[in-house]
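Biologist: Could you walk me through this structure, please? I am new here and would like to learn how to read strands, sheets and helices.

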Amino acid sequence: MPNKKTPAGLPAMDRAKHDAGSIEYSLGSHLVYSISKDPLTATDRDWFYSAAHTVRDRLTEGWIKTMRRYYDEDAKRVYYLSMEFLMGRTLSNAISNIGCDDAFGQAVRALGLDQERLRDQEFDAALGNGGLGRLAACFLDSMATLGIPGYGYGIRYEYGMFTQAIDDGHQVEHPDNWLRYGNPWEFPRPEILYQVKFHGHVVSYADEHGRPCCHWVDTDDVMAMAYDYPIPGYGTETVNNMRLWAAKASRDFDLRYFNEGNYIKAVEDKNESENLSKVLYPDDTTQMGRELRLKQQYFFVCATLQDILVRHHKHHDGFDTLPDKVAIQLNDTHPSIAIPELIRILVDQHGLAWDHAWDIVTRTFSYTNHTLMPEAMETWPVELFERVLPRHLQIIYEINHRFLKDVMHHYPDDAGLWARMSIIDESNGRRVRMAHLAIVGSHKVNGVAELHTQLMKDTIFGDFHRLWPDKIVNMTNGITPRRWLHQANPGLSGLISQHLGNDWVRDLKQLERLAPLADDAGFRAAFAQVKRDNKTRLARLIGQHLHLAVDPESLFDVQVKRIHEYKRQLLNVLHVITLYNRLRAGTDCVPRTAIFSGKAAPGYRQAKLIIKLINDVADIVNNDPAVHGRLKIAFIPNYDVTTAQDIMPAADLSQQISTAGTEASGTGNMKLSLNGALTIGTLDGANVEIRQEVGPENFFIFGLTTPEVANLRQAGYNPWDYYHGNEELRHVLDMIRDGYFSPEDRDRFRPIFDALTVGGDNYLLLADYASYIACQQEVETLYRDREAWMRKAILNVAHMGKFSSDRTIAEYARHIWQAKAVAAPR
């Protein structure tokens with residue numbers, strides 16, 4: 001076993017100095033020696049890669065020192081397992097976090113380069129779909145900033161979330177080939193390679209002591225190769241690690257086929273194996289797609305657990321200390337196959353007794369739930385599990401058998417409850433309920449907002465809460481203020497720092513000191529100027545990319561998020577059409593620019609039809625001289641982290657209008673409020689807590705509450721009552737139904753009308769319409785008083801301190817992981 005103390009000292013690294021002269025030298029040196037380009041012929045992309053290597057040098061020394069500190073202090077490590085990490089661009093984030101903004105800017109200018117153009121050469125690392133992946137990225141930033149020994153684990157997808165184009169109003173998906181020019185931030189680790197097995201069958205036998213044993217044999221094998229990414233904390237020397245796995249074939253080609261001249265067959269196994277990490281979320285509407293998705297989940301979990309145990313055993317014998325030195329957080333159910341996998345390792349490979357292994361497993365894992373909707377709960381057919389992971393299905397059966405024995409002991413006469421709590425759903429073609437597996441195998445389960453957590457206890461996981469009343473806890477989500485204010489909104493960040501200093505970037509609660517400045521006319525004017533500058537910049541981008549002129553003085557009304565029926569972009573469209581009708585009728589309305597952005601899942605037809613409706617409505621409204629330019633609609637394509645950073649600082653109004661009881665938390669609401677947007681929303685997800693923090697008088701609330709939604713459904717909701725009872729609503733819906741916005745295809749949007757009427761209006765848009773329209777009228781009234789609006793916007797910023805991901809991570813560390821920070825030298 002190696003010594004616990006690692007060798008002291010690292011070689012001096014002059015190129016890692018942070019002054020402008022050293023950075024300028026590094027930029028030129030990397031251009032020549034790393035990129036092999038002459039400055040006379042170098043392109044912007046060449047200079048970007050030189051800049052990335054320059055910054056990477058300055059991360060590497062801290063990275064190595066951080067890993068050594070964790071070993072030297074024998075720190076408890078946190079492993080955050082997630083199928084998604086929506087990292088966005090790294091260059092600006094890394095420069096800011098290591099404190100090189102000014103020096104880097106000076107060096108770039110000295111070389112005659114444009115820093116903005118350099119930044120624009122970087123592709124977003126879009127290894128995620130939305131809030132789940134972006135939350136994971138924020139958490140990695142906060143763990144590094146707080147000095148928590150945290151590691152992210154996921155998959156190095158060759159193609160990330162698709163690139164969205166809008167063609168004649170339709171969403172068109174293109175491959176997101178983010179690696180086409182390579183990734184300067186990653187460190188390939190070809191020496192870190194683990195075997196991952198699929199298929200085969202299980203051989204059962206008794207060992208020499210008569211104990212039952214299982215051996216998984218005749219498997220199809222794939223190798224997982226590690227790629228490491230440094231994650232720098234802000235204002236600290238701590239640099240944590242994100243390790244992503246790429247699939248590699250266990251053999252490159254079959255020489256027999258190659259020698260026969262069958263070159264395609266020779267590399268067939270290699271290509272099939274490496275498809276595992278090819279694309280984020282393969283289409284799971286086909287049997288092949290479902291199998292690939294399950295394989296992806298097991299692939300990264302299997303490699304990760306092997307890696308964790310290798311690291312653990314460098315300093316510790318056996319497994320009894322594992323829960324004291326390792327905390328594994330499952331980000332949603334995608335990695336929950338890790339629970340039976342760790343049992344397999346402990347029992348099958350190392351001979352631990354089941355009860356001993358189960359105690360270790362349940363004290364090591366914790367699980368974050370992200371959805372309240374039963375239809376969104378991940379389940380897998382037993383038949384698929386049996387074919388792909390036969391040993392794991394046996395282990396799940398054993399977990400379930402032992403768990404149900406305990407349930408029956410507590411509730412001996414309730415067969416219905418046994419069926420509801422079982423890990424195997426026997427009522428829908430026999431499926432494995434992954435959320436139930438995660439709950440049973442974890443010591444803590446958390447929701448991501450106070451309302452969400454309470455609903456977990458009261459509804460979908462109520463039976464589990466009765467059995468284990470202390471297991472489900474709340475960890476309200478947060479966002480990193482480094483990216484979402486300090487970097488995304490330099491104008492506002494600078495204004496805040498002028499009055500508060502810079503410590504707020506690490507301690508967001510300090511923003512409370514802005515509250516008195518809401519009554520300072522000079523500060524309000526400066527705050528309004530920052531907002532106007534941001535709106536002017538976004539208006540310029542919209543003009544360049546959409547060829548649409550928008551007025552920066554208009555109300556920028558923003559809804560940016562994944563397109564989904566429960567998020568109710570369609571309710572926003574109903575309001576836009578209502579405004580359009582009022583303007584045509586001569587009503588005096590505040591000039592408004594309605595800004596939409598978001599992607600629909602490729603197979604989600606209704607969401608894609610909503611995108612088409614938004615664009616068709618925009619085509620009519622934006623070109624109608626009767627509205628005199630007082631209403632404009634912009635759908636900004638290919639929503640990603642960089643696009644969000646362009647839009648959010650410019651927003652006046654943040655639309656957070658999901659049906660109450662459907663959104664787990666939301667983090668876009670936090671980002672927009674932190675950038676000085678007022679929120680119009682329902683009492684759903686984290687909206688409830690944001691309203692509590694900023695004050696009800698500084699938040700536009702509308703719509704049914706969660707209990708009212710339940711009562712209305714129970715009473716028998718009939719959307720036709722609202723259709724016939726509200727003339728303005730009826731007119732709007734008839735326009736959609738009758739082809740007003742699609743004169744070349746009158747029936748194009750009939751499915752939307754039908755879903756809202758004969759289809760039952762699942763998300764109660766019609767029930768909330770009148771309240772929403774009335775609330776939007778309150779928005780207009782306030783916006784006419786710009787001083788009052790700015791005062792409320794400042795108070796929103798001032799009271800967003802709770803929603804820092806630093807606070808969230810500190811709570812995880814204290815209440816779930818029992819992990820302590822390892823201080824870095826300042």
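Modeller: Happily! Let us begin with pairing: two strands count as paired if DSSP finds at least two bridges between them. Keep in mind that this is a predicted model.

Biologist: Which sense of pairing do β5 and β6 have?

Modeller: Strands of a sheet pair through backbone hydrogen bonds, either parallel or antiparallel. Here β5 (residues 163–167) and β6 (residues 170–174) are antiparallel, with five bridges. Look for alanine 165, which sits opposite valine 172 of β6. The two strands make a hairpin with two residues between them, and aspartate 168 in that turn has a positive phi of about 55°.

Biologist: What is the order of strands in the open sheet?

Modeller: Its nine strands run β7-β10-β11-β4-β1-β12-β13-β17-β18, and the pairing is mixed. At the edges are β7 (187–198) and β18 (472–474); each has a single partner strand, so one side of each lacks a neighbour in the sheet. On average, neighbouring strands are turned by 25° against each other, direction ignored. Within this order, β10 (residues 220–232) and β11 (residues 239–249) run antiparallel and share 11 bridges; one pair is methionine 223 with lysine 248 in β11.

Biologist: Which strands does helix α12 lie across?

Modeller: Helix α12 (residues 338–349) crosses β1, β12 and β13, at about 170° to β13. Helix α18 (residues 450–458) lies across β17 and β18, at about 165° to β18.

Biologist: And how many residues of α24 are buried?

Modeller: Buried means under 20% relative accessible area, and 14 of the 18 residues in α24 are buried. This helix (residues 605–622) reaches 25 Å from first C-alpha to last, close to the expected 26 Å.

Conventions: Residues are numbered from 1 along each chain as its sequence is written. This is a predicted model: local features need pLDDT of at least 70, side-chain atom pairs count only at pLDDT 80 or more; totals for chains, interfaces and linings use all residues. Side-chain values use heavy atoms; hydrogens and water are left out. Helices (H or I, at least four residues) and strands (E, at least two) are DSSP runs, numbered from the N terminus. The expected span of a helix is 1.5 Å times one less than its number of residues. Buried means under 20% relative accessible area, exposed over 50%, partly exposed in between (1.4 Å probe, protein chains only). Axes are lines fitted to C-alpha atoms, for helices over the stretch in contact, and angles run from 0 to 180 degrees between N-to-C directions. Contact means heavy atoms within 4.5 Å.
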